[in-house]
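Work through the exercises below with the model in view. Each task is followed by a solution in steps.

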2 protein chains.
Amino acid sequence: MAEGSRVTVPSTRATIVDVARAARVSRQTVSNVLNRPDKVAPPTLERVRAEIARLGFTPHVTAQQLRRRKAAAFGFEVNPSGHAKMGHILDEFLVQLTVAAPGHGSHVMTFAPDPEDVVEGYRQTLATGLVDGFVLADTRPGDPRPQWLLEHDVPFVAFGRVWDLPDLHQWVDVDGGIGVRHAVAHLVEAGYDRIGFLGWPAGSPVGDDRRNGWLAGLADAGRTDPDEAEAEESVQDLDQATAAAERLLARLGPGSAVVCASDMLALGAVRAARNAGLALGPDVGVVGFDDTDVAEALSVTSIRQPIAEAAQTAWRMLLSPRSTEPVLLVPELTVRSSSTRTPSSAATRPHDTLITEEQQ
Amino acid sequence: MAEGSRVTVPSTRATIVDVARAARVSRQTVSNVLNRPDKVAPPTLERVRAEIARLGFTPHVTAQQLRRRKAAAFGFEVNPSGHAKMGHILDEFLVQLTVAAPGHGSHVMTFAPDPEDVVEGYRQTLATGLVDGFVLADTRPGDPRPQWLLEHDVPFVAFGRVWDLPDLHQWVDVDGGIGVRHAVAHLVEAGYDRIGFLGWPAGSPVGDDRRNGWLAGLADAGRTDPDEAEAEESVQDLDQATAAAERLLARLGPGSAVVCASDMLALGAVRAARNAGLALGPDVGVVGFDDTDVAEALSVTSIRQPIAEAAQTAWRMLLSPRSTEPVLLVPELTVRSSSTRTPSSAATRPHDTLITEEQQ
DNA sequence: GGAACGGGTTTGAACGTTCCAACAAATGCG
DNA sequence: CGCATTTGTTGGAACGTTCAAACCCGTTCC
């Protein structure tokens, strides 16, 4: 073993053997220091740790992956066309997943979908041994991925409900319905008379969820017969959304408010209010969804999904036994001037702990 | 696919030795089939390939990484707070980087910044052996990362100019200036009289770049004395942006147009036009930057950065020798009704190849 | 006082692949 | 025809780590 004679040139990274030699112990003891410190005698422990620090040794994760036969990494499929789909919620989710990863001793590997077959990208990625499993996002009814992963015994967790498999509990989602419900309560408390809903046509699970939250919110406030609602096909067609919001506001009358299923729809509502010569906040209340930069720029109150918490929950589920329950997180309301009736009440902070006000 | 049909118990994945045994050759020959097919006799090649297909063998990348002493993966630092900074350009860049990765035989690993020290996250990530280098984004003057990576001989490429190291050519960026310049030309051609600029205060490299593009565009059109410009501090404060746009439009007079340094500023310009009772397109032209969903929703013409191409270029630079030149990509203009003076000319497609019209 | 125990440490082997040197057979050359 | 060269293939070793079992030695137990 004359390999490490040249002490001066640290051209190559320090390995566990280098540390072992320096601390006058065997490789395995160094390994134990790192992985089972309780099994090592205190003096030895200290000596080895000193050498680790001195040599700046960091374990070679690739070698660990090979020997341990697990990657401690999970794959996340990015969607190249998803630009307009779920806003940028999924981008933020990926970021938060990455941020939370080290805390769970893991990593995130992104990969692109196979254009041919949905599951093929997953099969390939898994076969490389670079990941132990996957974090799914953008789950939808008819999604073949959960079924396939279950069949092949691949660990995974979904961000979004897994609609087709009621027995599968490995998912986190944000309870949009309760978010809207709280928004309605907030608008009632703020003093708006009637509270309408601007959403998407019935049929989409997410959209229906939010609409039901609106109905529940009205029921909470003792409104037995629902206020008006309008539905828009496209999130992008702002002109139609604006027109729908105009009709909605006309029917609701002055002093009313509109809860929207997205910030883009809220932008339509804001334009409708302007067109009708109504002041945003004092004359008409507007609440959006997702708390995007648009809502921030327009100073529109918006329902914010707790993405960081969702990412944490995802890791917890991934790394814990299958017995977990699904988790529905409660979104928070970022209150801005669009839901403030009077200038004086702008300073009044709601006491509901679920509602936070943005600090400027 | 009878890939792993129950010939034997396929509980464990097929390895290169399994293939070798089945094809009655040595491991090394199988390895050669995969890596240097030219060195293998045709009959053998065919036989081994058949077995590879039959057994559904995929090389274990982790083992390759260890033996080859390279990961064929690059790290990308995600920014948890960057939500509002560069729009969602960086999110899209990460996606496109991931999409292009397999074409270059590589992968992308995301990692979070170390809160303490900027380069520490890079040091750590590199030490694990999980990546060979990095793709930097969001470079700014004074950025310590390029210097450190150079000193430690770590391969990297930057998306965004590397300001402090003029001799470093390992970067791709989008030429915002020429994008604005083309936008000005487009507006001139569309028949707008005076063309203003709504941007950020002087001092930011990106903002100055775009403003200079505006000036260059005016010069192209033979305007020796520049039209009016306004600068806004914050991209988010839409009310101030709107007010600035109102002043700008008032000074420019009817039939003029405004080029904006961001889509959010363009939103301010759109509001200003509405407030002034001017029709967007016929009465006043507006062009935004980044072609976000806001621009799409408002039907605002916007300058789109060629992110997919930037990602491709980044990979090319990473995997080629250091001798490459830096690359400045030319953005495209997505033309919408906000820069169309007359209804008839809406159908007219500009002949400039750099300008594309969105197909609906 | 020998056997059983147990904490602490070491050694051999393995994870799945590629590098490297060696080798056998076929080919070229003088 | 003998020898050098090429072509195709092979086996040993190594990448850096952890698993599994063995080992050493001081205690405890009957």
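**Exercise 1.** Of the 24 residues around DNA strand C, which come nearest?

Solution. The model is predicted, so local features need pLDDT of at least 70 and side-chain atom pairs pLDDT 80 or more, while totals for chains, interfaces and linings use all residues; side-chain values use heavy atoms, without hydrogens and water. Residues are numbered from 1 along each chain as its sequence is written, and chains are lettered from A and ligands numbered from 1 in the order in which they are written. Around the strand, the nearest are R27(A), T44(A), R69(A), I16(B) and Q28(B). A residue is near a strand if one of its heavy atoms lies within 4 Å of it. Of the atoms of DNA strand C within 4 Å of the protein, 56% belong to sugar and phosphate.

**Exercise 2.** Find polar contacts (pairs of N or O atoms within 3.5 Å) to phosphate oxygens of DNA strand C.

Solution. Start with R69(A): an N or O atom of its side chain is 2.2 Å from a phosphate oxygen of the strand. Next, T29(A) places a polar side-chain atom 2.8 Å from a phosphate oxygen. Last, H60(B) uses a backbone N or O atom, at 3.0 Å.

**Exercise 3.** How are chains A and B related?

Solution. Superpose the copies by least squares on the C-alpha atoms of residues with pLDDT of at least 70 in both. A turn of 180° with a shift of 0.0 Å along the axis lays chain A on chain B, with an RMSD of 0.1 Å. The two copies are therefore related as by a two-fold rotation axis. In chain A, M109(A) has the C-alpha nearest the axis, 2.4 Å away.

Terms used:
A polar contact is a pair of N or O atoms within 3.5 Å; within protein, one must be able to donate a hydrogen and the other to accept it, and residues adjacent in sequence count only if both atoms are side-chain atoms.
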